Structure formats: structure tokens, C-alpha cells
Amino acid sequence: MLDVIVIGDGPGGLSAALFLAKNGKQVTVFGQDKTAMHWAMLRNYLGVPELHGSEFQKIARAQVEAMGGSIRDARVASVARTDGGFTVTLDGDETLQAKYLVLSEGKSPRLSTMLGLEHTEAHGIATDRNGASGVPGVYVVGRLARPGRSQAIISAGDGAAAAIDILSREKGEDVTDWDSPPEG
Ligand SMILES: Cc1cc2nc3c(=O)[nH]c(=O)nc-3n(C[C@H](O)[C@H](O)[C@H](O)COP(=O)(O)OP(=O)(O)OC[C@H]3O[C@@H](n4cnc5c(N)ncnc54)[C@H](O)[C@@H]3O)c2cc1C
């Protein structure tokens, strides 16, 4: 069983995967590189003066993989709760299990509604401030959770908050992911 399956490979899903992989969790992201980022020219992502969205995605995907996260080019057909976690079924019927799910489906609430989460056009799916949904173990981040506030940096922040919450729950205490520059 994987620690976490992330569904959606936009900034929300990739950011969650980065934090999880960097902190030693077994995480797999599913997506087919169809994010809206390919239509964006980023000029409002702090620390990145100007970058084509496709280039952002290329860097982000490589960053996740370099940290040990896996990204699979596959569409998730369905999700279901099972004992101790969740079963994810891909197109073609392959199944995988994980203890947690991070849903970053973008504008489509298809899998979230399969799990019984309520979605509205105006407000998306309700979560707490860390992205935890009404279904224990399921986090919802990015555009899916706040359709009227769809910005890349907001989705990435949501993904990071969800990952830190998962790491903190697993450890039983608050986790910070801080690095310092080398001495000298
Ligand atoms: C024309 C345009 C210009 C934009 N310009 C900017 C800008 O300048 N600055 C800015 O901050 N934002 C901009 N945005 C918005 C930005 O693209 C979004 O805020 C961002 O992509 C949202 O990220 P996300 O991770 O929440 O969702 P998304 O990027 O939508 O990612 C969701 C991903 O999940 C995948 N997915 C869904 N269901 C499944 C499934 N069942 N199995 C596998 N994969 C699945 C989708 O294919 C998609 O790749 C722009 C958007 C558009 C359309």
C-alpha cells in the first residue's frame, strides 16, 4: 500500500507530492499533463518573474521525481474507500491502494463526488484550512476546492498545506519542512 495517491498533476497535486516525497512518503501522482497551466504565462508567482506555464510544469514534474515521487501518465477511472485506506482504479483496470488521497482534479469533481463529497459550482468542495475534506483521509486542494480563486500559487500552497497536515498526522506532532543553507 502506498502512503499517498495524488490525483491531478497541476500545481496543487505536484506541490503536495513534492512535500510528501521530500519527507520520505511513498507517493504517486496520476495525471496526463493536461493542466490549464499550459495556457498560462506566469507573472504572479512570487519568486518567478516570468515563466510559461508549460515550462513551470516541466520544472515542477522533474522536481517531484528528483525528490523520489512517482508521476504516472494515467487517468484514474474510479476511487473507493476500503479497509484502512482507498482503492484507486485506473483506466485499463489496474488497481492501487493508499492510506491517504489528495484530490487535485482541477475543474472536474468527478472522483470527489464518487467519494460522497458535495461539490457546488460556486464554492467547490468544502475543506478545512489544510485541505482535509469531510471524508477522513481525503484531502481536496487547488481549483477543485476554490473554483473562484484559481491561481497557480494558491493551488501550490493548498497542496503544501495538505501534505504538511498528512505528515503531521502520521508523526503525531506538527511537522515543519525547513532547510538551511550550507555553512560558510
Ligand atoms: C488561459 C489561462 C491563463 C491562466 N493564467 C494564469 C496566470 O497567469 N497565473 C496564475 O496563477 N494562474 C493562471 N491560470 C490558472 C492556473 O492554470 C490554475 O490556477 C492552475 O492550473 C490550477 O491548478 P490545480 O492544480 O488546482 O488544477 P489543474 O491545473 O487544473 O490540474 C488538474 C489536473 O488534474 C488532472 N485530472 C483530473 N482528473 C483526473 C483523473 N481522473 N485522472 C488523472 N488526472 C486527472 C487534469 O487533467 C489536470 O491536469 C490560467 C488559466 C488559464 C486557463
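Biologist: Which residues come nearest to the ligand in this structure?

Modeller: The model is a predicted one, and in it 33 residues lie around the ligand. Helix H1 (11-22), strand S3 (41-42) and helix H4 (152-171) are the elements that each give two or more residues to this shell. The residues that come nearest to the ligand are Gly8, Gly10, Gly12, Gly106 and Gly142.

Biologist: How many residues of the shell around the ligand are nonpolar, polar and charged?

Modeller: The shell is made up of 33 residues around the ligand, and glycine is counted among the polar residues here. Divided in this way, the shell around the ligand has 13 nonpolar, 15 polar and 5 charged residues.

Biologist: Are H1 and H2 roughly parallel or roughly antiparallel?

Modeller: Two packed helices are described by the angle between their axes and the distance between the axes. For H1 and helix H2, which covers residues 53-66, the axes are 9 Å apart and the angle is about 25 degrees. Because angles under 35 degrees count as roughly parallel, H1 and H2 are roughly parallel.

Biologist: Is the crossing of H1 and H2 left-handed or right-handed, and which residues make the contact?

Modeller: H1 passes H2 in a crossing that is left-handed. The residues of the contact divide into 7 nonpolar, 1 polar and 1 charged. On the H2 side the contact is made by Ala60, Arg61, Gln63 and Val64, and on the H1 side by Pro11, Leu14, Ala17, Leu18 and Ala21.

Biologist: At what angle do the axes of H1 and H4 cross?

Modeller: The crossing of H1 and H4 is right-handed. Residues of H1 that make the contact include Pro11, Gly12, Leu14 and Phe19, while those of H4 include Ala152, Ser155, Asp158 and Ile166. By class, this contact has 12 nonpolar, 5 polar and 1 charged residues. The axes come within 7 Å and cross at roughly 35 degrees.

Biologist: What radius of gyration does the protein chain have?

Modeller: The protein chain holds 4 helices and 11 strands, and its C-alpha atoms fill a box of roughly 50 × 35 × 30 Å along the principal axes. For 184 residues, a compact globule would have a radius of gyration near 16 Å, and the protein chain agrees with this, having a radius of gyration of 16 Å.

Methods: Residues are numbered from 1 along each chain as its sequence is written. This is a predicted model: local features need pLDDT of at least 70, side-chain atom pairs count only at pLDDT 80 or more; totals for chains, interfaces and linings use all residues. A residue is near a molecule or strand if its C-beta atom, placed from the backbone, lies within 6 Å of it. Axes are lines fitted to C-alpha atoms, for helices over the stretch in contact, and angles run from 0 to 180 degrees between N-to-C directions. Angles under 35 degrees count as roughly parallel, over 145 as roughly antiparallel, 65 to 115 as roughly perpendicular and the rest as oblique. A crossing is left-handed if the near helix is turned anticlockwise from the far one by less than a right angle, and right-handed if clockwise. Two residues are in contact if their C-beta atoms, placed from the backbone, lie within 7 Å. The radius of gyration is taken over C-alpha atoms; the globule rule is 2.2 Å times the number of residues to the power 0.38.
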